[in-house]
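Me: Hi! I have a structure open here and would like to go through it with you, one question at a time.

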Amino acid sequence: RDVGPGIFVIGIFGGSSASIFSWLGREELVRALRERLPEIGDDITVLNCGGGGYKQPQQTIALMLCLLLGIRFDVIVNLDGYNEVAMGGTDASAGHHPLFPSRQHLIPTLSLGAGLLTPAAIELSAEVLREQHRCDELAARARRPLWRRIRLARLALGSLYRAHAARARWTEKKLQDLSLGPSGWRGIVSLPFDPASKWEEIADLWARSSELMAQLAKSAGAVYVHILQPNQYVENSKPISEDERRYAFKPGNEWSRHAREGHPYLQRAGAELARKGIHFHDLTGIFSTHTESLYTDDMCHFNYEGNRIVARAAAAAIADAWRAEKGPERTAP
């Protein structure tokens, strides 16, 4: 879609939760923004700039690439946190520096390029791509005017989207059960790193990446908002429903343990970002009064209603940041 001067453009950056949010939360985000910021006009578009498995500094790199391609943003939202501590913590425990993408994404990619990926891993990678392609097709269909007007149709598409997205994520996790590539890759993709200091390293890299995104946004004339996403493994962040306890709460697995251990470090680093003047918002407790089921899996993803709740909070954060930087006199772009 054209994102010329007459359109208010919001870019959503982060991992799979951000990518899903850019679709399932889009309608509520736009509605709430029109309510809170009538001066920006009615023509608002939300661009999905996130990707499954992204963790810092990948969001920062994605923003740099978007700006180099000439994509214009009015607001840049970074919705992240889980991948940094879940995948990042798991990789860091094995000596994989958090600067690099997750091992389950990076090593198979390097191995494929070198012709070293096993047939089983190739088949799993192809399945991931097929499921992601189905998600893209469903998202494109949901943006068509007819589907957008029929609530039941949107809900059906949303259910299918989540099912395919879940299959893509679980297939990605299966890749970790296979060999992550020949041992020779370790020397190529590693930097000197002490796993004992992983949480400090991860939180510091995450915070510095956010500061750089804020600087890039400012240089491009955009407002930057950083949101720490909700997660069920943050202590006392949500009453877990019976359904969620069956399919969306597995505190004993490795990613869950690292999510629980790592989030306090991100929360402290985020509070420091806010003290530095960055529009940072910790939404890990936003579901604390919600007893209904909001999570769709045992990682981090939330359902349609969960995305709507996050969208309303994100709209409030965007409105506050916009008025703080642009002033109430700002008219439509």
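Me: Which residue in β2 stands opposite phenylalanine 8?
Reply: Happy to help, and bear in mind that this is a predicted model. Strand β1 covers residues 8-14 and is joined to β2 by 5 bridges. The two strands run parallel. Opposite phenylalanine 8, in β2, stands isoleucine 44.

Me: In what order do the strands of the open sheet come?
Reply: The sheet has 5 strands, and their pairing is parallel. Its edges are β2 (44-48) and β5 (279-282), each of which pairs on one side only. From one strand to the next, the twist averages 20 degrees. Reading across, the order is β2-β1-β3-β4-β5.

Me: What angle does α2 make with β2?
Reply: Two helices can be placed against this part of the sheet. Helix α1 (residues 16-24) lies across β1, β2 and β3 (75-80), and runs at about 150 degrees to β1. Helix α2 (residues 26-36) packs on the sheet and touches β1 and β2. Its direction makes an angle with that of β2 of about 145 degrees.

Me: What is the volume of the largest cavity?
Reply: A probe the size of a water molecule, rolled over the atoms, shows where empty space is left. Searching the whole structure gives 3 cavities of 30 Å³ or more. The second largest holds about 40 Å³ of space. For the largest cavity, the volume is about 60 Å³.

Me: Which element gives the largest share of the lining of the largest cavity?
Reply: This cavity is lined by 14 residues, with Gly15, Ser16, Ser17, Asn83 and Gln229 nearest its centre. By class, the lining divides into 4 nonpolar, 8 polar and 2 charged residues. Two or more lining residues come from each of α1, β3 and α4 (82-93). The largest share, 3 residues, comes from α4.

Me: And which element gives the largest share of the lining of the second largest cavity?
Reply: Here the lining consists of Lys55, Gln56, Glu84, Gly88, Pro98, Ile202, Leu205 and Trp206. They divide into 4 nonpolar, 2 polar and 2 charged. At least two lining residues are supplied by each of α4 and α10 (198-219). The largest share, 3 residues, belongs to α10.

Me: What is omega for the cis peptide bond between glutamine 56 and proline 57?
Reply: Glutamine 56 is among the residues lining the second largest cavity. Proline 57 lies in the loop between β2 and α3 (58-68). For the cis bond that joins glutamine 56 and proline 57, omega is about 10 degrees.

Me: Which loop holds asparagine 236?
Reply: Asparagine 236 is worth a look in a backbone plot. Its phi is near 60 degrees, a positive value in a residue other than glycine. Its place is in the loop between β4 (223-228) and α11 (242-247).

Me: Where does pLDDT stay under 50?
Reply: For the protein, the mean pLDDT is 86, and 83% of the residues reach 70 or more. Where pLDDT is low, the predicted coordinates should not be read in detail. Beyond four places in sequence, the model has 9 contacts for one such stretch and 13 for another. In that order, the stretches under 50 are residues 181-185 and residues 329-333.

Definitions and conventions: Residues are numbered from 1 along each chain as its sequence is written. This is a predicted model: local features need pLDDT of at least 70, side-chain atom pairs count only at pLDDT 80 or more; totals for chains, interfaces and linings use all residues. Side-chain values use heavy atoms; hydrogens and water are left out. Two strands pair if DSSP finds at least two bridges between them. Helices (H or I, at least four residues) and strands (E, at least two) are DSSP runs, numbered from the N terminus. Axes are lines fitted to C-alpha atoms, for helices over the stretch in contact, and angles run from 0 to 180 degrees between N-to-C directions. Contact means heavy atoms within 4.5 Å. On a 1 Å grid over the protein atoms alone, a cavity is a set of points where a 1.4 Å probe fits but cannot get out, and a pocket is an open set with protein on both sides within 12 Å along at least five of seven lines; lining residues have an atom within 4 Å of a point. Grid points are joined across faces, edges and corners, and a volume is the space filled by probe spheres set on the points. Ala, Val, Leu, Ile, Met, Phe, Trp, Tyr, Cys and Pro count as nonpolar, Asp, Glu, Lys and Arg as charged, and the others, Gly among them, as polar. pLDDT is the predictor's confidence in each residue, from 0 to 100.
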